[in-house]
Amino acid sequence: MSKKLFLSSPHMGGNELKYIEEVFKSNYIAPLGEYVDKFEDSIKKYTGTKNALAVVNATSALHLALRVLEIGEGDDVLASTFTFIGSVSAILYQNANPIFIDSDYESWNLSPVLLEKYLKNCVKKPKALIITHLYGMSASIEEIAQICKKYDVYLIEDAAESLGATFNGKSTGTFGDFGVYSFNGNKLLTTSGGGMLVSDNKEWIEKAFFYATQAKEPFIHYEHEEYGYNYRMSNVLAAIGVAQMEVIEERIAKKREIFNWYKSYLRGIDEIQFMPELKNSFGNRWLTTMTFEKSSYIKVMENLNNIGVESRPLWKPMHLQPLFKENKNILNGTSENLYKRGLCLASSTTMTKNDVEMICDSIRKTIYV
C-alpha cells in the first residue's frame with residue numbers, strides 16, 4: 001500500500017488555519033482569548049449542557065471533577081473496568097481508591113445490574129462513579145444515573161470517546177453531575193490535545209475554573225489559599241476546536257458509514273460480532289470494534305499490519321492491569337472475554353469504501369485459511 005490506514009487519524013475541516021491566523025493576529029496565544037469562549041459555547045450549544053470549561057485534556061477534566069466534589073484520600077470511587085487508564089488515573093491523583101465494575105454484553109459498557117448489586121450490599125459507600133461510554137457508544141446511562149441518584153453517589157461521565165452520541169435524544173456527558181469530552185489526536189474531533197468539562201452546576205464549573213488556573217485569589221498580586229493546576233486550553237487549540245465543531249455531524253455520519261461498510265462486507269460470517277448499539281441510543285461509532293468466536297484476533301491484526309493497516313486489541317480491563325492488582329472489583333467475566341477475542345479496526349474518516357473492502361478481504365482470508 002502507498003498509504004498507512006490508521007485507527008482514527010486527525011481530519012481537518014477547512015477553517016482551522018483561518019482561525020489560527022486570527023489568533024496569531026490578536027496575539028492571544030495563551031489560555032485566554034475569544035476562541036476559548038467560542039469553543040466552550042459550541043459545546044454547550046451542541047450538547048445542551050449549561051456550562052463548559054476547556055482544558056488541556058480529558059484526564060485533567062476528570063481530575064477537576066473529583067477535586068470539586070471533594071473526593072480525596074481514602075474515598076472509594078467506582079469505575080468501568082473495560083476502559084483506558086485515562087478514565088481512572090485521576091482517581092489516583094486524588095489518592096482515592098478505584099473499585100472496578102464489569103460490563104454487560106448488551107452494551108459492552110458498565111453493567112447497571114452489577115452496579116446496583118454492589119451499592120446495595122457494600123459496607124462503605126463510594127463517593128462517585130466514573131462511567132466510560134466505550135468506543136463512542138452510550139452505556140445504559142439513564143438506568144445508571146437513576147441508580148447513582150438512589151444511592152446518593154456522584155456520577156461523572158467519561159464521554160471522551162462519545163461526543164455526539166445520545167440516549168433517548170440526550171447527549172452522553174449530560175446525564176451526570178459532570179461530563180468529560182476529549183479532543184486528543186485520535187478522537188472524533190481533535191485539537192491535537194484537549195478536553196472539556198461540562199456540568200449544569202454553574203458553581204462547580206466556576207470552582208473547576210479556579211483550580212484549573214492555579215487557584216489564584218482575586219488580588220492584583222498572586223495570592224493562594226489553595227493549590228491549583230495549569231489546566232486551561234490555549235486559544236490556539238481552541239481555534240482548531242471551533243473549526244472542528246463545524247463539521248461534527250459530517251464526521252459522525254462518516255464514522256457510522258464506515259461501520260456499515262464493515263458490517264456489509266463481513267455479513268454472513270457467524271463468528272464475527274460487532275459492538276452493539278442499545279435501543280433508544282445513537283452512537284458515534286468512533287471505532288468499529290468486533291469479536292471473533294474462533295479465529296485469533298492476533299493473526300488478523302498481524303495480517304492487517306502487513307498491508308499497512310493499523311488495528312488494536314480491545315481495552316485490557318483495568319482489573320487485569322498490574323497497577324490495580326490489589327484493588328477491589330465486581331466481575332462477571334464479560335470484559336475479560338471481550339478483551340481476549342476483540343479487535344478495533346481502522347476507522348479514520350478519511351477512509352474510502354475501497355479501503356474498508358480491502359481490510360475486509362484480509363479479514364476473510366485470515367479467517368478461512
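User: How many cavities of 30 Å³ or more does a search of the whole structure find?
Analyst: This is a predicted model, in which local features need pLDDT of at least 70, side-chain atom pairs count only at pLDDT 80 or more, and totals for chains, interfaces and linings use all residues. Residues are numbered from 1 along each chain as its sequence is written, and side-chain values use heavy atoms, with hydrogens and water left out. A cavity is a set of points, on a 1 Å grid over the protein atoms alone, where a 1.4 Å probe fits but cannot get out, and the number of cavities of 30 Å³ or more that a search of the whole structure finds is one.

User: How much space lies in the largest cavity?
Analyst: Its lining residues, those with an atom within 4 Å of a point, include S8, S9, P10 and H11 as well as K187, L188, S348 and T349. A volume is the space filled by probe spheres set on the grid points, which are joined across faces, edges and corners. For the largest cavity, that space is about 50 Å³.

User: Which element gives the most to the lining of the largest pocket?
Analyst: A pocket is an open set of such grid points with protein on both sides within 12 Å along at least five of seven lines, and the largest pocket has a volume of about 460 Å³. It is lined by 27 residues, of which F84, N184, N186, K187 and W315 lie nearest its centre. Helices (H or I, at least four residues) and strands (E, at least two) are DSSP runs numbered from the N terminus, and those that give two or more residues to this lining are α3 (58-68) and β13. The one that gives the most, with three residues, is α3.

User: Which residue forms a salt bridge with D355?
Analyst: A salt bridge is a side-chain nitrogen of Lys or Arg within 4 Å of a carboxyl oxygen of Asp or Glu, and a search of the whole structure finds 13 of them. D355 lies in helix α12 (residues 353-368) and is linked to a part of the chain 352 residues away, in the segment before α1 (16-26). D355 counts as buried because its relative accessible area of 8% is under the 20% limit, while exposed means over 50% and partly exposed in between (1.4 Å probe, protein chains only). The partner is partly exposed, with a relative accessible area of 38%, and the closest N and O atoms are 3.2 Å apart in this pair of D355 with K3.

User: How far apart along the chain are R232 and E40?
Analyst: The side chains of R232 and E40 meet in a salt bridge with an N to O distance of 2.7 Å, and both residues are buried. R232 sits in the loop between α7 (202-212) and α8 (235-245), whereas E40 belongs to helix α2 (residues 34-47), so the pair links distant parts of the chain, with a separation of 192 residues.

User: In β15, which residue is the bridge partner of M290?
Analyst: Two strands pair if DSSP finds at least two bridges between them, and β15 pairs in the antiparallel sense with β12 (residues 288-292) over four bridges and with β13 over two. Both faces of β15 (residues 342-345) are covered, with G342 and C344 buried on one side and L343 and L345 buried on the other. The β15 residue opposite P313 in β13 is also the bridge partner of M290, namely L343.

User: Which strands stand at the edges of the open sheet that contains β6?
Analyst: This sheet has three strands in the order β7-β6-β11, with antiparallel pairing. Each edge strand has a single partner strand, so one side of each is left without a neighbour in the sheet. The edges are therefore β7 (170-171) and β11 (281-282).

User: Which residue in the loop between β10 (272-274) and β11 has a positive phi although it is not a glycine?
Analyst: Most residues other than glycine have a negative phi. One residue with a positive value is D152, with phi near 60°, in the loop between α6 (141-150) and β5 (154-158), and D152 is exposed, with a relative accessible area of 57%. The residue in the loop between β10 and β11 is partly exposed, with a relative accessible area of 46%, and the one with a phi of about 70° there is N280.
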